[in-house]
Amino acid sequence: MKIDASKPLEYSTEENSNKIFGFWVFLGAEIPLFATLFTVYFVMVNRFANGPSGKELFEIGPVLIETFLLLTSSFTIGLAIHAMRHGYKKAMMFFMGITLLMGLGFIGIEINEFFTYVHEGATLQTSGFLSSLFVLLGTHGAHVSFGFLWGAGIMIQLWRQGITPATANKAFIFSLFWHFLDVVWIFIFSFVYLKGLM
């Protein structure tokens, strides 16, 4: 394995560069998934049947907290990658830990939101609107949950092995995934919640 010291550690080998390129391709494949879910939501958004509309269901408070947590975690994962590039393992671990805690907070609020909806009688079977809402939010939430577990696994590797070309590559790829989830959330926040509250 030939290491190119002129490149950032996460790109320092040909294998690492190929893995990053491959992950960009994967993210490109995720775009049609979420585009399809948004399209279904937009088609179903006014099909309430006997169930509540977004205006009746959504509460801005928890959604603002979710947004704050996820967007701030995008900043902290950026700080983790910055620390990684300077070889600061403790700082990197700290910022990754903060990122994952914020992700966990986001997941907790979203689960509570789902329980609240179901308690109010708003379920997958209630209407086309609610079916599309649950699938869109659930898919994003599942990605965040997977990201939490993936990030925790990378932190364990960093703790055991330190910052190496392999762990740097994994952490950088994880950061791309996390930023992607934040971008998707901005669309959810804007076109599902804010538009739904109007």
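The protein chain I would like to walk through today has six helices and zero strands, where helices are DSSP runs of H or I with at least four residues and strands are runs of E with at least two, numbered from the N terminus. This is a predicted model, in which local features need pLDDT of at least 70 and side-chain atom pairs count only at pLDDT 80 or more, while totals for chains, interfaces and linings use all residues. Residues are numbered from 1 along each chain as its sequence is written, and side-chain values use heavy atoms, with hydrogens and water left out.

Let me begin with the overall picture. Read from the N terminus, the order of elements is α-α-α-α-α-α, and along the principal axes the C-alpha atoms fill a box of roughly 65 × 30 × 25 Å. Of the 198 residues, 44% count as buried, and by buried I mean under 20% relative accessible area, with exposed meaning over 50% and partly exposed in between, for a 1.4 Å probe and protein chains only. The chain exposes about 10200 Å², of which carbon and sulfur atoms supply 70%, the areas coming from the Shrake-Rupley method with a 1.4 Å probe. If we take contacts, meaning heavy atoms within 4.5 Å, between residues at least 6 apart in sequence, then 81% of them join residues at least 24 apart.

Now to the aromatic residues. The structure holds 23 aromatic pairs, counted for rings of Phe, Tyr and Trp (its six-membered ring) whose centres lie within 6.5 Å, with planes under 30 degrees apart called stacked, over 60 edge-to-face and the rest tilted. One of these pairs is formed by Phe 38 and Phe 187, which sit edge-to-face at 6.3 Å centre to centre with 65° between the planes. Because Phe 38 lies in helix 1 (residues 14-44) and Phe 187 in helix 6 (residues 165-197), this pair ties together parts that are 149 residues apart in sequence. Phe 38 is buried, at a relative accessible area of 10%, whereas Phe 187, at 41%, counts as partly exposed.

A further pair joins Phe 58 and Phe 129, and this one is tilted, at 6.4 Å centre to centre and 55° between the planes. Phe 58 belongs to the loop between helix 2 (54-57) and helix 3 (60-85), and Phe 129 to helix 5 (residues 128-161), so that distant parts of the chain, 71 residues apart, are linked. Both Phe 58 and Phe 129 are buried. These four residues belong to a cluster linked by ring pairs, which also includes Tyr 41, Phe 106 and Trp 185.

What does Met 96 contact, leaving aside its neighbours within four places in sequence? Met 96 is in helix 4 (residues 89-119), and its partners are Ile 77, Ala 80, Gly 151, Ile 154, Met 155, Leu 158 and Phe 174. With a relative accessibility of 1%, Met 96 counts as buried.

My last residue is Ser 127, in the loop between helix 4 and helix 5, which counts as buried at 5% relative accessibility. A polar atom of the Ser 127 side chain lies 3.1 Å from the backbone nitrogen of Leu 130. Not counting residues up to four places away in sequence, Ser 127 also touches Arg 47, Phe 48 and Ala 49, and of these Phe 48 is a member of the ring cluster I described a moment ago.

Key. A polar contact is a pair of N or O atoms within 3.5 Å; within protein, one must be able to donate a hydrogen and the other to accept it, and residues adjacent in sequence count only if both atoms are side-chain atoms.
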